[in-house]
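Welcome! Here is a short guided look at one protein model, taken a piece at a time.

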Amino acid sequence: MEHRPSRRSMADAVFPTQATAQTRYISLFGTRTRFVIMVLILLCLTSIWSNILAFNFAVVCMDDDDSEMGASLNGTARKTHFTSTQNSLAMAIVAIAALLGNFPIVQLVGMVGIRTVFAGLGILSAVSTLLIPLSIRMGFYYFLAVRFLQGFAFAANFPVIGSFCAKWSYFKQNGLFVSSLVAYVQLSPAITMPASGALCSAFKWPSIFYAHGAVSLLLFVTYALFYRNSPQKHPFVGNVELKKISIGKIAAVDKRALKKVPYGPILKTPAIWAVWVAAIGNFTCVNMMFLFSPIYLSKVLGFPVHSTGITAAIPPFLQFSSKLICGAASDRLTCLSEGVKFRLFNTLAFVGSAGFLCVLAFMGDEHKRNNMIVLGCAAAMLGATTGGFFKAGPVLSKQYSHFVTGNISLGITITMLIVPFFVNALTPNNTQEEWKYVFLITGAVMVITNIFFVIFVRGDPCEWTSDSFHRASSVADFEQHHIRNTGISTISHNVEDVPEKL
């Protein structure tokens with residue numbers, strides 16, 4: 001007998017109940033929704049950084065474009081190009097904007113979550129990138145204003161990583177999540193450089209900004225529609241995945257207490273300063289490599305413009321691959337304590353990369369392929385930082401990772417402000433001999449900051465992340481309020497006697 005669907009099943013197919021719809025949503029990704037969201041956020045982070053880096057290749061494209069007859073920004077030539085000072089200012093303004101935006105954005109993330117904040121700033125980055133060609137033709141100060149908006153949007157990247165990992169990562173996969181997301185720093189140039197080279201050859205330099213802005217806009221609209229600030233609110237997350245994610249999370253004592261970041265205890269913790277100092281060493285090298293690799297490859301080693309994009313993508317691609325491998329390895333290496341792993345991976349990254357930079361410093365420029373190999377090795381070694389200070393930040397700060405990991409962005413912005421001026425000052429003629437000092441100084445900064453990190457980092461979450469700390473803090477706040485209103489102290493100082501919710 002032919003089976004006929006019941007009226008109920010037919011109705012569910014056309015007008016599903018909430019339970020039926022939720023079951024379908026959950027079945028779409030199974031228990032892997034967090035990985036889908038992680039990839040989406042990685043692409044969004046990559047897009048914001050790519051929007052900034054696109055300028056570094058566009059400069060090379062402009063100087064090679066003899067057909068560009070627009071107004072000069074420096075007033076000395078007919079074609080559109082930038083002086084060395086203007087190049088430095090164009091990079092520095094991004095860093096200044098990110099520094100100014102860092103603290104208010106961290107505060108906003110703590111108050112309202114990353115869905116609204118990141119979506120809004122991502123769209124701001126996309127629109128400002130689309131406006132760059134117009135701003136360049138209007139004048140240098142208009143261009144700086146648009147670059148400022150790009151930098152302000154960039155300040156959200158590391159707070160987003162910290163907040164997402166704190167709420168969405170399974171504790172056994174924390175290293176994988178952190179390593180995957182911070183790898184946007186390398187994934188951006190690995191994509192942007194070859195893509196910009198192809199766009200430059202086919203459609204001239206403005207197309208670089210139009211393409212980046214359009215892709216960024218599409219990604220952030222998708223993010224705004226799909227992301228939720230907590231797994232519990234996401235329709236695609238089922239009970240099995242929720243239970244995995246909740247393992248090791250702090251007990252809910254008081255939402256208001258959790259939003260109140262203990263700035264004093266955090267700033268008095270040497271291990272947190274070790275993470276931030278290591279970030280300065282790491283990003284000194286990263287900014288030197290990725291902001292200036294197109295210039296080094298084209299001006300010093302003599303690679304033609306059409307191949308510079310592909311060649312410049314090799315070091316960041318190697319570092320991106322290394323980050324993913326080392327991040328997963330740090331989770332699986334259970335025979336060592338977290339503190340030992342932090343020190344081991346960070347030393348491998350910093351000292352290893354500094355060693356290759358020293359070798360590169362004393363190489364000539366006769367065999368440019370050898371220079372590329374050594375530069376690629378230096379970049380690949382730095383990928384081990386995902387098992388070092390990058391992983392240490394979320395592990396030490398747990399629910400306050402949006403603040404601690406968010407302030408790692410200070411490392412990238414401070415060095416983005418300083419590195420262009422010291423590189424341009426040391427390399428007026430872009431010779432290998434001049435670049436020798438850039439490589440040696442960068443290596444020295446990395447070794448010194450790693451020593452500080454190794455001495456002061458620890459392996460366990462800090463005391464101010466514990467339940468007892470929050471209960472004690474809640475009791476203290478309640479007692480102060482009680483004394484102000486009654487003048488009498490009646491609250492017990494024994495944390496164990498305090499109920500879960502005051």
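The notes below visit a cavity, a proline and a helix in this predicted model.

## A cavity and its lining

Two cavities of 30 Å³ or more are counted here. Let us step into the second largest cavity, which holds about 40 Å³ of space. Its lining is made up of Met288, Met289, Phe292, Ser293, Tyr296, Leu375, Trp435 and Phe439. By type, seven of these lining residues are nonpolar and one is polar, while none is charged.

Which helices supply at least two residues each to this lining? They are α15, covering 270–300, and α23, covering 432–456. The biggest contribution comes from α15, with five residues.

## A buried proline in α15

Helix α15 also contains Pro294. Is Pro294 buried or exposed? Its relative accessibility is 0%, and buried means under 20%, so Pro294 counts as buried.

Pro294 also has a partner to look for from elsewhere in the sequence: Ala58 is 236 residues away along the sequence, yet the two C-alpha atoms are 9.8 Å apart in space.

## Helix α4, from end to end

Now turn to α4, a helix of 29 residues running from 84 to 112. At 1.5 Å a residue, α4 should span 42 Å, and the 41 Å between its end C-alpha atoms agrees with that.

Follow α4 along and you will find a kink of about 40 degrees at Asn102, shortly before the proline Pro104. After the helix comes Gly113, which has a positive phi, near 90 degrees.

Note on methods. Residues are numbered from 1 along each chain as its sequence is written. This is a predicted model: local features need pLDDT of at least 70, side-chain atom pairs count only at pLDDT 80 or more; totals for chains, interfaces and linings use all residues. Side-chain values use heavy atoms; hydrogens and water are left out. On a 1 Å grid over the protein atoms alone, a cavity is a set of points where a 1.4 Å probe fits but cannot get out, and a pocket is an open set with protein on both sides within 12 Å along at least five of seven lines; lining residues have an atom within 4 Å of a point. Grid points are joined across faces, edges and corners, and a volume is the space filled by probe spheres set on the points. Helices (H or I, at least four residues) and strands (E, at least two) are DSSP runs, numbered from the N terminus. Ala, Val, Leu, Ile, Met, Phe, Trp, Tyr, Cys and Pro count as nonpolar, Asp, Glu, Lys and Arg as charged, and the others, Gly among them, as polar. Buried means under 20% relative accessible area, exposed over 50%, partly exposed in between (1.4 Å probe, protein chains only). The expected span of a helix is 1.5 Å times one less than its number of residues. The bend at a residue is the angle between axes fitted to the seven residues ending there and the seven starting there.
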